[in-house]
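Colleague: Hi! Could you walk me through this one? I'm still new to reading structures.

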Amino acid sequence: MTNEQKFIAEFEEWVASQVAINELAMTASQKVVEEDGDDRAREAVIRYESRLDAYGFLLGKFDNFKAGKSFHDLPDGLFDQMKY
C-alpha cells in the first residue's frame with residue numbers, strides 16, 4: 001500500500017469516526033434542548049448538523065473515488081436528499 005493509499009484510507013476512517021461522534025453529540029444536545037430548553041444546546045445541535053452535512057459530503061467523495069469518478073463529480077443522490 002502506497003503512502004497515498006494509506007492516507008486516503010486513514011482519512012476516510014477518521015471522517016467516519018467524526019460522523020459517529022457528531023451524531024452522538026447532536027443527540028445529546030437535542031435531549032438537553034427537549035428537557036431544559038437551553039439555547040446553547042439548540043445552537044450546538046445546528047453546529048453538529050452542519051458538521052454532519054460536511055462529513056457526509058466528504059464520505060460521498062470517497063465513494064466517488066472508489067467508483068473511479070473524478071474528484072469534482074458530485075456524489076450520487078446529492079440533490080435528491082432533503083433533510084429537515
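Modeller: Happy to, and we'll go from the overall fold to the core, a pocket and a few single residues.

Modeller: This is a predicted model, where local features need pLDDT of at least 70, side-chain atom pairs count only at pLDDT 80 or more, and totals for chains, interfaces and linings use all residues. Residues are numbered from 1 along each chain as its sequence is written, and side-chain values use heavy atoms, with hydrogens and water left out.

Colleague: Got it. How many helices and strands are there in the protein chain?

Modeller: The protein chain has two helices and zero strands. Helices (H or I, at least four residues) and strands (E, at least two) are DSSP runs, numbered from the N terminus.

Colleague: And what percentage of the residues count as buried?

Modeller: 21% of the 84 residues in the protein chain. Buried means under 20% relative accessible area, exposed means over 50%, and partly exposed is in between (1.4 Å probe, protein chains only).

Colleague: Which residues make up the largest nonpolar core?

Modeller: Five of them: V15, V19, L52, Y55 and F62. α1 and α2 each give this core at least two residues, and the largest share, three residues, is from α2. A nonpolar core here is a set of buried Ala, Val, Leu, Ile, Met, Phe, Trp, Tyr and Cys residues joined through side-chain atoms within 4.5 Å.

Colleague: Why would those group up?

Modeller: In soluble globular proteins, nonpolar side chains tend to be buried together.

Colleague: What does L52 touch?

Modeller: Leaving aside residues up to four places away in sequence, L52 touches V19, N22, E23 and M26. Contact means heavy atoms within 4.5 Å.

Colleague: New topic: is L24 buried or exposed?

Modeller: L24, which sits in helix α1, counts as exposed because its relative accessibility is 64%. Its C-alpha atom is 9.4 Å from that of Y48, 24 residues apart along the chain.

Colleague: What about I21?

Modeller: I21 is also in helix α1, but I21 is partly exposed, at 49% relative accessible area. From I21 to Y48 the C-alpha distance is 9.5 Å, with their positions 27 residues apart in sequence.

Colleague: Last thing: what lines the second largest pocket?

Modeller: The lining is I8, F11, L58, K61, F62, N64, F65, K69, S70 and F71. α1 (3–36) and α2 (39–66) are the elements giving two or more residues to that lining, and α2 has the largest share, five residues. A pocket is an open set of points on a 1 Å grid over the protein atoms alone where a 1.4 Å probe fits, with protein on both sides within 12 Å along at least five of seven lines; lining residues have an atom within 4 Å of a point.
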